[in-house]
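Work through these exercises with the model open beside you. Try each task before reading its solution.

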Amino acid sequence: MYNRVLHTRINEILHSGQIDIAGEDNMFFTRFIANATAIDALFHDIYGSNPESHEYFEKLISLLTRSYIGRPAELRQRDEEKEMKGNWFLSNEITGMSLYVDRFCGSIKNLQSKLDYFKKLGVNFLHLMPVFESPEGESDGGYAVSDFRKVDRRFGTFNDLRSLQQHMQQEGMYLMLDIVLNHTSHHHEWAQKAKGGDKKYQRYFYMYDDRRLPDEYDRTMPEIFPESSPGNFTYDPEMKKWVMTVFHRYQWDLNYTNPEVFLEMLDNILFYANFGVDILRIDAPAFIWKQLGTPCQNLPQAHTLLRLIKQCVQVAAPGMALLGEAIVAPKEIMKYFGTGLYTAKECDFAYNATHMALQWDALATADTRVMLAAQHEILQKPYGTSWITYTRCHDDIGLGYDDYMIKQAGFNPFEHRRFLKEYYSGNHSNTPAKGALFSVNPKTNDARISGSLASLCGLEKAIGAKDEVAIDYAIRRIILMQAHSFFIGGVPMIFYGDEAGYTNDYSYLNDPGKSYDNRWMHRPVIDWKKNANIDREDTVEQRIFSATQKLISLRRKIFAVGDYKNLTWMTPHNIHVAGYLRTFEEQKLYCLFNFLDKPSYLTWHAFKEHGAEPRILFDHWQQKEMHVGYDHEYLVIEPYQFLLLEVK
Ligand code: GLC
């Protein structure tokens with residue numbers, strides 16, 4: 001909307017910044033004007049009551065201009081290429097891997113020499129787990145950042161990171177880094193100054209002289225790590241104050257009611273953008289706004305802030321997409337894509353955490369009904385946004401889907417979750433899985449699950465028992481899980497090590513900075529001698545690696561796998577089989593997954609419910625054609641088999 005005062009002011013600022021609005025900077029100017037009213041409204045929605053909101057808003061406008069001026073020419077060029085493609089990140093051509101630099105290969109420099117490994121696998125998008133400075137020892141895997149702009153010595157230097165980014169860019173690869181928005185380490189300069197009594201920096205955090213307000217907050221705030229970090233506040237004896245620490249006691253929550261905090265963090269965001277980040281992973285966005293009497297998660301103001309960030313990035317660095325790491329209830333996850341006027345104008349990506357957990361549900365129960373009951377919710381995702389799809393990541397598996405979904409499938413939610421937790425923590429008489437319970441909350445009986453993809457799929461136990469049949473079944477489960485997440489729509493994100501079947505790594509137990517957090521069991525240290533097995537016929541590593549490789553290359557060949565709101569679930573003719581149809585223009589791909597350890601039978605009628613009846617189907621996985629039979633005949637799907645059937 002036209003806003004004379006606002007637009008005149010922007011013109012003035014751009015003019016003084018030597019921006020050539022009619023010439024080479026015209027697209028920037030156009031983006032600015034197009035987004036200015038929204039930025040103004042969102043900013044004032046949050047900070048309007050601040051007596052200095054006007055000055056802060058001016059600072060915001062200058063920051064955007066400065067960031068644009070500082071954006072390197074090659075990134076501006078890349079922005080344009082991405083814009084010309086439309087929603088570049090919806091394509092079927094992107095496959096990611098998430099990794100800890102040190103545990104994967106020691107350093108950023110070494111990582112550069114691993115680019116061929118990624119190429120061989122087919123991965124063209126890397127998520128580097130936090131590489132910015134964080135304290136040694138307890139750092140929550142780098143999610144306690146003490147300097148947002150300094151690469152931690154453990155990984156290398158900023159120049160190493162720059163060189164990696166440039167090499168990746170030349171190779172046509174994409175990079176994802178984190179912005180840890182919700183908190184800093186207690187070693188961050190701001191926290192240190194606050195500790196030293198500096199009032200300005202004390203206002204960057206939530207801190208209280210006594211327990212009155214902390215107690216009130218605690219009444220309605222859930223605990224994130226009830227075992228290792230109970231409560232939401234930590235006493236700091238230097239300041240004699242209680243500091244809000246929702247995650248660990250060494251992660252201090254930033255106070256976004258203070259516009260200075262917002263501007264500082266936006267500056268960091270744009271710094272990452274100008275460094276060349278393609279997708280920015282916004283860590284824990286659900287937590288960034290706190291309000292007494294609420295759970296302090298998913299609050300409307302958190303969404304306002306994310307929308308504001310999105311519009312600002314759109315102006316200054318339009319090629320950088322945003323991933324909101326909101327691991328929350330299905331209905332809440334959806335809101336991170338934006339709602340109402342801001343539909344598809346908040347985060348470009350979210351993790352499909354619901355579906356990830358539902359895959360584990362289906363694998364344990366051999367029953368796809370809970371998965372199906374959740375789909376009407378998951379399919380609400382707006383066009384133009386996408387999922388990160390995955391089976392495992394560095395975090396635990398939370399069974400956070402809704403009770404009604406479990407009930408709809410005919411199960412008792414409490415018993416059902418108990419079964420899943422016992423199954424994956426290895427406490428069930430008949431389970432192949434070897435994992436552990438994470439963050440057990442004795443007050444609520446809640447718990448999440450730790451364990452690597454391979455161990456949860458039975459590989460660790462099978463290898464231990466030297467049982468070839470069990471090894472074969474474990475590998476089938478692993479590939480089934482990966483295939484399902486690769487084809488469901490979104491950008492698949494492999495967790496490092498899973499491509500070579502890494503089982504749990506228990507070495508974390510000997511490290512006092514990690515032993516309290518069993519998520520480290522599924523964050524392996526890569527042994528490159530073992531990885532050499534990916535080239536040795538019939539090794540476990542080779543079987544898993546080559547299957548993963550094949551899945552990625554198939555994805556790349558089939559346009560219908562791109563995320564264009566082009567997924568339809570098939571009627572569940574058999575509860576053990578998950579089936580969905582992916583379409584793109586004339587292309588139709590039926591993806592079928594048998595979650596049962598025995599053959600499953602699917603009536604051929606299942607293929608005749610979506611427009612013209614197909615006669616011949618080509619299975620991309622087995623590279624073979626099959627004829628669609630009569631309705632009273634069946635397609636037989638082997639134990640844990642999947643099919644990728646394109647209509648011919
Ligand atoms: C995110 C990260 C998790 C971390 C938390 C706090 O959820 O994925 O590993 O513990 O944020 O930063």
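**Exercise 1. Check the span of helix H3 (residues 53-69) against the span expected at 1.5 Å a residue.**

Solution. This is a predicted model, so treat each value as computed from it.
Step 1: count the residues. H3 has 17.
Step 2: find the expected span. One less than the number of residues is multiplied by 1.5 Å, and for H3 this should give 24 Å.
Step 3: compare. The end C-alpha atoms of H3 are 24 Å apart, which agrees.

**Exercise 2. Find which residues of H3 are buried, and which helices they pack against.**

Solution.
Step 1: list the buried residues of H3. They are Ser-53, Tyr-56, Phe-57, Leu-60, Ile-61, Leu-63, Leu-64, Thr-65, Ser-67 and Tyr-68.
Step 2: look for their partners. These buried residues pack against helix H1 (4-16), H2, helix H4 (73-85), helix H12 (259-275) and helix H13 (300-316).

**Exercise 3. Decide whether Phe-43 is buried or exposed, then find its contacts.**

Solution.
Step 1: place the residue. Phe-43 sits in helix H2 (residues 26-47).
Step 2: apply the cut-off. Buried means under 20% relative accessible area. Phe-43 has 0% relative accessibility, so Phe-43 counts as buried.
Step 3: list the contacts, leaving aside neighbours within four places in sequence. Phe-43 is in contact with Gly-48, Ser-53, Tyr-56, Phe-57, Leu-60 and Leu-308. Among the buried residues of H3 are Ser-53, Tyr-56, Phe-57 and Leu-60.
Step 4: set sequence against space. Phe-43 and Thr-304 are 261 residues apart in sequence, yet their C-alpha atoms are 8.2 Å apart.

**Exercise 4. Classify Asp-403 by its accessibility and find its polar contact.**

Solution.
Step 1: place the residue. Asp-403 lies in helix H17 (residues 403-408).
Step 2: classify. Partly exposed falls between the 20% and 50% cut-offs. Asp-403 has 37% relative accessibility, so Asp-403 counts as partly exposed.
Step 3: find the contacts. Not counting residues up to four places away in sequence, Asp-403 touches Pro-413 and Arg-417. The side chains of Asp-403 and Arg-417 make a polar contact of 2.7 Å.
Step 4: set sequence against space again. Asp-403 and Gly-122 are 281 residues apart in sequence and 38 Å apart, C-alpha to C-alpha.

**Exercise 5. Trace a path from Asn-182 to the ligand.**

Solution.
Step 1: start at Asn-182, in the loop between strand E5 (174-180) and strand E6 (183-185). Its relative accessible area is 0%, so Asn-182 is buried.
Step 2: move to His-183. A polar contact of 3.0 Å joins the side chains of Asn-182 and His-183.
Step 3: reach the ligand. An N or O atom in the side chain of His-183 is 3.0 Å from an oxygen atom of the ligand.
Step 4: check how covered the ligand is. Alone, the ligand exposes 310 Å², and the protein buries 95% of that.

**Exercise 6. Sort the residues around the ligand by type.**

Solution.
Step 1: name some of them. The shell includes Asp-140, Tyr-143, His-183, Phe-225, Glu-325 and Arg-519.
Step 2: sort the shell. It divides into three nonpolar, three polar and six charged residues.
Step 3: pick out distances to ligand oxygen atoms. A polar side-chain atom of Glu-325 lies 2.9 Å from one. For an N or O atom in the side chain of Arg-519, the distance is 3.3 Å.

Note on methods. Residues are numbered from 1 along each chain as its sequence is written. This is a predicted model: local features need pLDDT of at least 70, side-chain atom pairs count only at pLDDT 80 or more; totals for chains, interfaces and linings use all residues. Side-chain values use heavy atoms; hydrogens and water are left out. A residue is near a molecule or strand if one of its heavy atoms lies within 4 Å of it. A polar contact is a pair of N or O atoms within 3.5 Å; within protein, one must be able to donate a hydrogen and the other to accept it, and residues adjacent in sequence count only if both atoms are side-chain atoms. Accessible areas come from the Shrake-Rupley method with a 1.4 Å probe; for residues, only the protein chains shown count as cover. Ala, Val, Leu, Ile, Met, Phe, Trp, Tyr, Cys and Pro count as nonpolar, Asp, Glu, Lys and Arg as charged, and the others, Gly among them, as polar. Helices (H or I, at least four residues) and strands (E, at least two) are DSSP runs, numbered from the N terminus. Buried means under 20% relative accessible area, exposed over 50%, partly exposed in between (1.4 Å probe, protein chains only). Contact means heavy atoms within 4.5 Å.
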